[in-house]
Amino acid sequence: MRTRQWFQAALMLLLGLYLLETLLTGEIAYYINERFNWLAGVAGFTLIALGVINVIALLSEPEQGKEAPKGAPNLLPNAPSVAHGVSARWYVLAILSVPLIFGVFLPAQPLGAAAINNSGVAFSLNVSGAGDQAFSITPTQRNVLDWVRAFSAATSVDEFGGQPADLIGFVYRDVRFEDDTEFMVTRFTVSCCVADAVAIGVIVRSEQAASLTPDSWVRVQGKFEVRDFAGQRTPILIAESVEPTAMPERPYLFP
Amino acid sequence: MAEKPLSNVSLLPTQRFDRLDMGVAVAVAALILAIALVLLSGDRVGISVRRFVPQGLASSQSVVQITFDEALDPESVADKLSLSPAAEGEISVTGNQLQWQPAQALQQGQTYTVRLAEGVRAHNGRLLLEAHEWEFRVRAPQVVFMAPVDNPIQNLFMVDPNQPDAQPQQITFSEFGVLSYDITPDGSRIVYSELGDQRTAHLRLYDLRANSTLTLLECPTAACTTPAWRPDGGVVAFERSDLNLDTGAGPGAPRIWLVDTTTGIPRPLFADSQRLGYSPRWSPDGRFLASYDANVGGIVLFDFAANAERLIRTPQGEVGQFSADGRWLFFPKIIQLAGTTRYVAHFVLVDLESELMVQRDLVPESDPNNDVELAWLPDSRRLIITRRPPTITTMQGAQLHLIDLETNETTPLVTDGDYSSGQVAVSPNGEQLAFQRFALAKPGARAEIWLYDLTTGDLRLLANNATLPRWLP
Amino acid sequence: MEFSTQLSLFSTRFLGIFIEAVSFLLLGTIVSGLIEVFVRKEDIARLLPRNPFAAIVAGSFLGFLFPVCECGVVPVTRKLYQKGLPVAVGVAFLLAAPVMNPIVFASTYAAFGFGPILIGRFVITCIMAVAIGLIFSLQRNPIKMLHPRALMAMAGGSGAAAPQPSAPRLSVGQGIVRAARVATDEFFDMGRYLVMGTALAAGMQTFLSQEQIRALASDPSMSAVAMAIMAFVLSICSTTDAILALSFANFGFPSGSLLTFLTFGPMVDIKATLMYLSVFKRRVVFYMVILPLLMSLLFGIFINLNVRF
């Protein structure tokens, strides 16, 4: 039973270390919005602190029977609780090891084109108030999210015709696209964590479209033209150049 | 703990349900009832109209479009849309959008009230619960032209021909200049060819409904010029001359290309890249595209329905206009007047409905007039002919006449020897002409745009220093 | 799709939700530990009005004092019960707190701005929590409602009748250590539900198609039902669900259905239901699911059919 208590303390320490590790390696960017990074950091330190306190308590406590409701005499002088001081059951410990196992043994990978298949890609967002910001950014500085916001905030998408753009994203295609000439330069937006990841994208027309593998990261430069796409007037980026590029450090965009 | 005994009692079978259970049961029943009542009392919001056009000032050819937040059931819209004053038209539904196409031009200056009655149903069963009503006013057709003539860089302007003091309004603001343009029959859009750098030319669209300009086709290695709308506005035909920038061979001969205005995808009319062509002209039903092919020496009439072509041989290299009913196409021929050394141009009409495309001379071969230009009136029976009289003076201005195909009568309209007239554009209702005039006698004179009223005979200057007038319905 | 791709997607989503939620869970358990050690039964009693109705109303606003999302609210509530909070007031707090707090106000405002959704979310949540709290006040006996384990601690381990000795104040150091150990236990107790709920939510997102549900979006009543199911299954933390609701708005879900999502989701979802089972008896948990469900559906459908925005 002391084994379980030790295991419990170790699990907390390891979980805490894992959180700090993802934070330090930057892999945390694959999972949550960066404005919550500090929370993960706090959680990591808290877990380590809790683990350390538990270890100290274990070291300073004499071995006790399971039925010791009146509790640890020196540290818990007036414990009214039964539950505390008794380690969790093995299956609970097993369940809580799952995140650690996933985190440590599976390679960290951000969501890619495969993740879109059951949720679709948005060309426009109802981002209230945020649209105006997008207009204050120079066209070539805008990312996919800025464009998609600008499209939805604009009174008429026609105004985007002729505007230059320089975008990085991964290649995505579905049945609506002409395979040879069209693809979408796509990013995920993550407001909280990947659970609310929404794929957004800009439609690109390029001669090279056929040679691009889905999910590969590209940098697209070109100019917008307003065309009909699937029955809607949509700004389409006519590519002047499409070049492969490395995945950015932060694969998601944060609204 | 006063309630302890109570809890013991509640273990008895008779007391299996306590106040909480009863309370929850009542609440659940009440909530289910309330939900049922809300469902029974039905939809009080229904579907709503997201967008509707035209609003404000609109063309006499305007198509009424109403967009909803849901996909519509086409059967539910019958008899729901009405205009007052009444106007005939055809209703169609695609997805979220309801469209009404007028059968005839709407009355100029008239304010129409569009009313969509309640009861239009969406596919999911929701109804339009309140009638939707709005007004628009039909503006008079405008005259579009290119100006200024004395500058190599010209842009498009438009002016209201029926307001004598109206100032022309500039539509395009091209840096390198507009080369040519065309207007959709419904007056909603103008396509124009704009010069780029290194003699490239690109196709742009000006949408009058949104007052916005966008690119229809970028031609980075070619000059794309002389755009012509298919009358339904779905396709633009144009001339494409490759600039051969890489080989340095210089600009090539033009080919006819088509560009889909919804997808923006261009393609050549003929798969064979050696088929040349220029002056694309659409038949009014959009089935035929006429263009001149210098290789074969004639007008090629491409039939999109049959995917076939017919040839009208003419060495003159000019393609005339289709009549509004689609029956006639004309082209010029040059003949030597019998017994003289003079050559004159006459026009030939081709009857496209006849099996062998019978040709008919507009005037007898002996007619000494030199016919320069021809333009149809909307009745497909009368034409405006621009002709130079047979006097032998060198600077003889061309004058406007009306010619009636049935009676063969010719009526002079604008005849002033000091001026040369041309580029006649007939207004959509056939009552007014906008044309270019040039003062022959005045040194330093520039081309001007004039307006002639066929019913009153009034003649008035519309714009100075301008050329190539067209009517915007 | 290949299994390895799916596994990698699942892992990313699972860890994403877990990392995000574990912070809030820890926040909740630490607050819970601190409450255990430093908040006395008398303090809560002092804090809440005597009048049961006023106490329930106050309970639904308690969240502004204990800003926790639904991952953290259950341990706090359990602790409050152990400190003698009336069950009905605790239920009102439990249902309202995930919405009625500054963090959720901020995220909802960020997503929808100040408008019908923001106001609707808070007003409807408040009405629902108070109404359900009142229904629960029909039964005053905690023994009939709370899970034995939650009760045990409450009774001081020696039966309900045993008078609880007024504990002498701990030193701050002792208190913190004690709070840490309480928090540890809470973390493992609640953590397993979080892990299972997260796995389920990530699994649904990865292995099921959302398309049919999207087709429902245009139906005024079925879309509200769909949103309720979505809220239940996705188990998204209340501090962030407004942003997710925004993407449903993009799929054409009407405002009433979005409000169903935004009011029902924070009260009841897979993860929360599993956690409720650790505090309440099954029968009570069932009531705590069915009542919010019907109420949020009523509001959602009513708004869909009768209110034009």
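Biologist: Is the crossing of H1(A) and H3(A) left-handed or right-handed?

Modeller: Keep in mind that we're looking at a predicted model. In it, H1(A) packs against helix H3 (residues 90-105) of chain A, with the axes 10 Å apart and at an angle of about 25 degrees. That angle is under 35 degrees, so H1(A) runs roughly parallel to H3(A). As for the hand of the crossing, H1(A) and H3(A) cross left-handed.

Biologist: How many residues of the contact of H1(A) with H3(A) are nonpolar?

Modeller: H1(A) brings residues including A:Phe7, A:Leu11 and A:Tyr18, while H3(A) brings, among others, A:Trp90, A:Leu93 and A:Val104. Three residues of this contact are polar and one is charged. The nonpolar count is 10.

Biologist: Which element of chain A has the highest mean pLDDT?

Modeller: Chain A as a whole averages a pLDDT of 76, and 73% of its residues score at least 70. At the low end of its elements sits helix H4 (residues 131-135) of chain A, with a mean of 50. The top mean, 91, belongs to helix H1 (residues 2-25) of chain A.

Biologist: Over which residues of chain A, with 25 contacts beyond four places in sequence, does pLDDT stay under 50?

Modeller: Where pLDDT is low, don't read the predicted coordinates in detail. The contacts you mention are there in the model, but the pLDDT under them stays below 50. The stretch is residues 124-132 of chain A.

Biologist: And chain C: how many helices does it have?

Modeller: Of its 309 residues, 61% count as buried. Strands don't come into it, since chain C has zero of them. The helix count is 15.

How values were computed: Residues numbered from 1 in each chain as written. Chains lettered and ligands numbered in written order. Predicted model: local features only at pLDDT ≥ 70, side-chain atom pairs only at ≥ 80, totals over all residues. Helix = DSSP H or I, 4+ residues; strand = E, 2+ residues; numbered from the N terminus. Buried ≥ 20, exposed ≤ 12 C-beta atoms within 10 Å, placed from the backbone. pLDDT = per-residue confidence, 0-100. Contact = placed C-beta atoms within 7 Å. Axes fitted to C-alpha atoms, helices over the stretch in contact; angles between N-to-C directions. Parallel < 35°, antiparallel > 145°, perpendicular 65-115°, else oblique. Left-handed = near helix turned anticlockwise from the far one by under 90°. Nonpolar A, V, L, I, M, F, W, Y, C, P; charged D, E, K, R; others polar.
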